[in-house]
Amino acid sequence: MSKAESATVLIGWLQFGAIIGAAVIAAIVAAWGVFSQRAIARRTLTLNHMSQIDSDRDYINARKLFIKEAGRRGGLSRWAAPGKEYSKECQAIRLVLNEFELISIGIQFGVIDYEFYRRYYKGTVIKYWYAAAPFVYSVRHQIGSKAVYHEFEE
């Protein structure tokens, strides 16, 4: 093989390497863009959901009743008794717990941004769980299923 042919082959390999290198860089940039957009979309959805809940009059009233009843003697567990499931107190407790269950499932599926949510609610989720746990355990015992509000407990 002559020097000219060797140079041509070398140039061909260099061009091929440059094309492969450019393709790899383009793939990395594209993947980074997709992951970035997904994170931004998840944070936006989380912010929108939190904003919506914080301005939902029914949820605000349910949360007030939840807090009021949690602070009373006997806590929330008395509202888990058979026959009280249709009371406004039990309905308010369930509305608040269902919201936390929904958020928990959203976090597990990557729809809701855990870190964003955690920073906003800090210890509120833990406080609400401790207030609600006796209610949840009582309901679980009555229906014979540990699945009730399992995601929130997690």
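The legends below describe an overall view and several close-up views of a predicted model.

**Figure 1. Overall view of the chain, which holds 6 helices and 0 strands.** Read from one end of the sequence to the other, the elements of this predicted model follow the pattern α-α-α-α-α-α. Along the principal axes, the C-alpha atoms occupy a box of roughly 95 × 35 × 25 Å. The radius of gyration of the chain is 27 Å, whereas a compact globule of 154 residues would have a value near 15 Å. Of the 154 residues in the chain, 29% are buried.

**Figure 2. Close-up of the nonpolar surface patch that includes Ile28.** The patch covers about 540 Å² and is made by Trp13, Phe16, Ile20, Val24 and Ile28. Ile28 belongs to helix 1, which comprises residues 3–55. Ile28 counts as exposed because its relative accessibility is 54%, and the cut-off for that class is over 50%.

**Figure 3. Close-up of helix 2, which runs over residues 57–71.** This helix has 15 residues, and the distance from its first C-alpha to its last is 21 Å, close to the 21 Å expected at 1.5 Å a residue. At the start of helix 2, a side-chain oxygen of Asp56 comes to within 2.9 Å of the backbone nitrogen of Asp58. The buried residues of the helix are Tyr59, Ile60, Ala62, Arg63, Leu65, Phe66 and Glu69, a list in which Arg63 and Glu69 appear together with Ile60, Leu65 and Phe66.

**Figure 4. Close-up of Ser87, in the loop between helix 2 and helix 3.** Ser87 lies in the loop that leads to helix 3, an element spanning 88–108. With a relative accessible area of 17%, Ser87 is classed as buried, since that class takes in residues under 20%. A polar atom of the Ser87 side chain lies 3.1 Å from the backbone nitrogen of Cys90.

**Figure 5. Close-up of helix 4 (residues 114–121) and the residues that flank it, Asp113 and Lys122.** At the start of this helix, a side-chain oxygen of Asp113 reaches to within 3.4 Å of the backbone nitrogen of Glu115. After the helix comes Lys122, a residue whose phi is positive, near 40°. The view therefore takes in both the contact between Asp113 and Glu115, which falls within the 3.5 Å cut-off for a polar contact, and the residue Lys122 that follows the helix.

Terms used. Residues are numbered from 1 along each chain as its sequence is written. This is a predicted model: local features need pLDDT of at least 70, side-chain atom pairs count only at pLDDT 80 or more; totals for chains, interfaces and linings use all residues. Side-chain values use heavy atoms; hydrogens and water are left out. Helices (H or I, at least four residues) and strands (E, at least two) are DSSP runs, numbered from the N terminus. The expected span of a helix is 1.5 Å times one less than its number of residues. Buried means under 20% relative accessible area, exposed over 50%, partly exposed in between (1.4 Å probe, protein chains only). A polar contact is a pair of N or O atoms within 3.5 Å; within protein, one must be able to donate a hydrogen and the other to accept it, and residues adjacent in sequence count only if both atoms are side-chain atoms. Patches are made of residues with over 30% relative accessible area and no salt bridge: like charges are joined within 9 Å, nonpolar side chains (Val, Leu, Ile, Met, Phe, Trp, Tyr) within 5 Å. Accessible areas come from the Shrake-Rupley method with a 1.4 Å probe; for residues, only the protein chains shown count as cover. A salt bridge is a side-chain nitrogen of Lys or Arg within 4 Å of a carboxyl oxygen of Asp or Glu. The radius of gyration is taken over C-alpha atoms; the globule rule is 2.2 Å times the number of residues to the power 0.38.
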